[in-house]
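Open the model in your viewer and set it to cartoon view. This tour tells you what to select at each stop.

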Amino acid sequence: MKAVILKKVGEPLEVSEVDVPKPGYGEVLVKIVRTGVCYRDVLTVDGFFPRVKTPLVLGHEIAGVVVDKGDGVEEVDVGDRIASLPYVPCGECEYCRSGRENICRNRKWYGEVLNGSYSEYMLLDKRSIVKLERDIDWNYVAISSCVLGMVVHAIMDFGGIREGDKVLVTGASGGVGIHAVQLAKYFGGEVIAVTRKEEKASFIEEVKPDHIIIAKGDFSKEVKKLTGGVDLVLETVGEPTFNYSLRSLKWGGRMAVIGNVNVKAPQLPLGLLILRENLVHGVISSTKKSLEKALEIGYEGRVKAIGSEMSLWDVEDAHDILRRGEARGRIFLKP
Ligand SMILES: [Zn+2]
Ligand SMILES: [Zn+2]
């Protein structure tokens, strides 16, 4: 089979011919139909994650069909379509037992220590996968965990939205942001989408936020003028917008810091945080429950996967688009 291999951190990716792996106990072999490109993949190539084991097949946003399975797998059969967590949880630690497997200390990430989805076939542990109940857009399935399940986790487990709550989404044209706008709307929020680039505003309009703010610098005054302060921020950018987001919150408002870790640390004005009793919460990846919820939302058809499609074998071009900050929505790769 063909696979995209990272031979050494920092080096260009290579498309190589490798053997199709055989599923062992508790594993399934999946034919990859679609895989999403995550900024995490770019950071992996660039050496941001010290645990990376090379040579490695990248990719953790997984959608495919089961073509073989090892012993001990009762949950799925050959021919089943599956979505997957981007990691294998241990299933036994305190976090796994309490439904917080996304912070399992023994979890293993696909595309980091285990071979991932930038290939024609891939091995998945049965603890990672969810069987699809119905037909659904393959692009949606590919991001049902890393993007959609993660935002669902942020909203349902920490953020909470009551009908009419005001929700600010930063980085609204990005792979996470464009879907966060839709999900915040889905859960009943009045959504203010923020983007730095004017040319991205019409793209964001497609998902119908209630307001769009185009701002290179501080947007908090405009947010305050529109809303009087928001109940919830889904902060998908990180350090560059963090303080403006914090200043956009109302008294008692909450901020979920989602997705890519920006290496640069923001200044945190403790006075603001204390006086207004604001809550800032980090969010990493998706739990099994939030992945399943994201799929349920997908079956309803009101939230769509948005972005562009490319050939998996042009993945270097896709990574360059992300490095230049030019992606609109997610980039979906087809083997
Ligand atoms: Zn991802
Ligand atoms: Zn665990």
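Is E61 buried or exposed? Select E61 and look: it counts as buried, because its relative accessibility is 1%, and the cut-off for buried is under 20%. Keep in mind that you are looking at a predicted model.

**Stop 1: zinc ion (ligand 1)**

Keep E61 selected and add C38, H60 and C146. These four residues coordinate the zinc ion (ligand 1). The atoms to find are SG of C38, NE2 of H60, OE of E61 and SG of C146. They sit at 2.1 to 2.3 Å. Now check the geometry. The angles among the four donor atoms are 98 to 123°, and the site is tetrahedral. Ideal angles for four tetrahedral donors are 109.5 degrees.

Next, trace the donors along the chain. Their spacing is C-x21-H-E-x84-C. Pause on H60. H60 has a relative accessible area of 2%, so it is buried.

**Stop 2: zinc ion (ligand 2)**

Which residues are the protein donors of the zinc ion (ligand 2)? Select C90, C93, C96 and C104. Each gives its SG atom, and the donors lie 2.3 to 2.4 Å from the zinc ion (ligand 2). This site is tetrahedral too, with angles of 104 to 114° among its four donor atoms. In sequence, the donor residues are spaced C-x2-C-x2-C-x7-C.

Check two of these cysteines for burial. C90 is buried, because its relative accessible area is 16%. C96 is buried as well, with 11%.

**Stop 3: the sheet**

Return to the cartoon and colour the strands. Find the open sheet of six strands, in the order β13-β12-β11-β14-β15-β16. The pairing is parallel. Why is one side of β13 and of β16 left without a neighbour in the sheet? Select residues 211-214 for β13 and 279-283 for β16: both strands stand at the edges, each with a single partner strand, so one side stays free of a neighbour in the sheet. Turn the sheet to see its twist. From one strand to the next, the twist averages 20°.

Zoom in on β14 (residues 230-235) and β15 (residues 249-258). These strands run parallel and are joined by five bridges. Select E235, then look across to β15: V257 stands opposite.

**Stop 4: the helix across the sheet**

Finish with helix α4, residues 144-159. The helix lies across β14, β15 and β16. Its direction is at about 145° to β16.

Definitions and conventions:
Residues numbered from 1 in each chain as written. Chains lettered and ligands numbered in written order. Predicted model: local features only at pLDDT ≥ 70, side-chain atom pairs only at ≥ 80, totals over all residues. Heavy atoms only, no water. Pairing = 2+ DSSP bridges. Helix = DSSP H or I, 4+ residues; strand = E, 2+ residues; numbered from the N terminus. Axes fitted to C-alpha atoms, helices over the stretch in contact; angles between N-to-C directions. Contact = heavy atoms within 4.5 Å. Donors = N, O, S within 2.8 Å, 3.2 Å for Na, K, Ca; no water. Tetrahedral: all angles 85-135°; square planar, octahedral: opposite > 155°, others 65-115°. Buried < 20%, exposed > 50% of the residue type's maximum accessible area, 1.4 Å probe, protein only.
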